[in-house]
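Subject: Structure for your review

Dear colleague,

Please find below the structure that I am handing over to you. My notes on what was found in it follow directly after.

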Amino acid sequence: MARVVWWNMYNFAINKIADPHHAVPSQDRLAQIRRVFTNTQPDIFVMLELHNRSVGVAGTLVNNLTSGGRGAIRLLTEIRQATGNNNWFMVPPIVTGAGGKAEGVGVYYNGNTVRFTGPWQCNGQTTGMAVGAPQQYPAAWANLTLNNNNTLGGQWNYKPLQPAKKKQKKTANNNNSDINFPIKGERAPWLTTFTEVIGGRELEIFGLHAPAPGPNAILGTAAILNVDEFTGAEAANVARALGGDFNVDANSAPKANNPYQQIAAAGYQWVFSTKVPQVPAVFYRTSMRTVGAASLNGIYPDYGYGVNAYDQIFVRGQTVTDPATTQRIINPVAGTSAPPQANDSGYPNTPLRNALIGYGYPAAQPAANGTAAFSTPTEMGQDIPTILAGAGPAAAFKLWANYGKIRSLSDHLAVVIDL
């Protein structure tokens, strides 16, 4: 089994976790990240929205001296320290998108459980198909990253679907994806592949941060169906997964041309397709309101801080577990627990305490990796029942020690699956 986490970390850069001018806030944010690793024990961690605005050309390496590059490298050190495992590594991040939309994607992996296999190779300052001899990464990335080969790279450029009998010509890729998502300059999916150390199963992991909410987010998400590596049949020993922030709210997506339904129609399991039991019209919300706009109005667990169901996972191929039973939304506000159990006890404002797959309160300590279930506690200094029972709950909820520090780290919740 391989556990994969996707998390949009909202312009992640060095100041998020190591700001000498604001040491306490940055340490509070870092502590939350470290606990995601110690609580969930992932094998692969996909970080979306690595800060890289207007720096570099799409397909080139993120500059290791920028705030985003420094943050990505520092995070690797923190992961190793948090887990006590120096065999955590990082795929050298590539710029995706252009101008103010440009970002990096940081993919980290546990070298004890998976081996990075590409699917592309390093061609100096970029990655491409295996055309000619591969090159080593610059020292700043090579010395900190790959555990098995400093010439492998992820894929950021995609050719259109090819007719069954027509072979795609292998040429050095240019700096613009042949498939747009949906227009030139928007971010493309980032594909990294792995082989499990035990069993040899292959994992194909896509991460995508789609365009800002609106028509381009809908079209950009659906555009992945034009990618042969995504839509084409996978081998018998391959598990393929797409995760990320698609900026398409499942609660307001169009009935016609719904990209999530289109991906599901291509044979993928949409793992967050189950709606909230007590509110059958609502999908799980994964984006959060600003501190000023958030509230405790509404019902558990989103109350008035959850706003949109943007973050999704789609799975196809050879999975060891049923994704429907292992899906989670890592919720540091209300806590995360295992899927609902029979005869579960009641909880205020909800028919069942664990009525939501992916949410739960109160949460137990996490189970060890290799099991289907895990749970994580709230990161807030006071849990929501305590806040609601006290004086001035609206103000208390927004304190830095409670919701404030969580929202300061990111406006999104992480999502996780066992493959």
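Glu234 is partly exposed in this predicted model, because its relative accessible area of 22% is not under the 20% that would count as buried. Two arginines form salt bridges with this residue. The side chain of Arg316 meets that of Glu234 with N and O 2.9 Å apart, and this pair links distant parts of the chain, 82 residues apart. Arg316 belongs to strand β16 (residues 311-317), while Glu234 sits in the loop between α6 (228-231) and β12. The other salt bridge of Glu234 is with Arg240, where the closest N and O atoms are 3.4 Å apart. Both arginines are buried: Arg316 has a relative accessible area of 13% and Arg240 one of 3%. Together with Glu204, these three residues, Glu234, Arg240 and Arg316, are linked in a network of salt bridges.

The whole structure contains 10 salt bridges. One of them joins Asp418 and Arg3, whose side chains meet at 2.6 Å, N to O. Here the residues are 415 apart along the chain, with Asp418 in strand β18 and Arg3 in strand β1 (residues 3-12). Asp418 is buried, at a relative accessible area of 0%, and Arg3 is likewise buried, at 0%.

Asp411 presents another case. This residue lies in the loop between α11 (400-409) and β18 (414-418). Asp411 is buried but has no salt bridge; the nearest side chain of opposite charge is that of Arg407, 4.6 Å away. That distance explains the absence, because a salt bridge requires the nitrogen and the carboxyl oxygen to be within 4 Å. Setting aside residues up to four places away in sequence, Asp411 touches Tyr10, Thr286, Ser287 and Met288.

A further aspartate, Asp249, is found in the loop between β12 (238-245) and α7 (259-265). Its relative accessibility is 11%, so Asp249 counts as buried. Apart from neighbours within four places in sequence, Asp249 is in contact with Val307, Asn308, Ala309 and Tyr310. Asn308 is 59 residues away along the chain, yet the C-alpha atoms of Asp249 and Asn308 are separated by 5.4 Å. In addition, a polar atom of the Asp249 side chain lies 2.8 Å from the backbone nitrogen of Ala309.

I turn next to the sheet. Six strands form an open sheet with mixed pairing, in the order β6-β10-β11-β12-β16-β13. The edges are β6 (114-118) and β13 (269-270); each has a single partner strand, so one side of each is left without a neighbour in the sheet. Within the sheet, β11 (residues 202-209) and β12 pair in the parallel sense over 8 bridges. Ile205, for instance, has Ala241 in β12 as its bridge partner.

Finally, there is helix α2, which comprises the 18 residues 23-40. At 1.5 Å a residue the helix should span 26 Å, and its end C-alpha atoms are 26 Å apart, which agrees. The buried residues of α2 include Leu30, Ile33, Val36 and Phe37, and among them are also Ser26, Arg29 and Gln32. After α2 comes Gln41, which has a positive phi, near 50°.

With kind regards

Conventions
Residues numbered from 1 in each chain as written. Predicted model: local features only at pLDDT ≥ 70, side-chain atom pairs only at ≥ 80, totals over all residues. Heavy atoms only, no water. Helix = DSSP H or I, 4+ residues; strand = E, 2+ residues; numbered from the N terminus. Buried < 20%, exposed > 50% of the residue type's maximum accessible area, 1.4 Å probe, protein only. Contact = heavy atoms within 4.5 Å. Polar contact = N/O pair within 3.5 Å; in protein donor to acceptor, adjacent residues only side chain to side chain. Expected span 1.5 Å × (residues − 1). Pairing = 2+ DSSP bridges. Lys, Arg positive; Asp, Glu negative; His and termini not counted.
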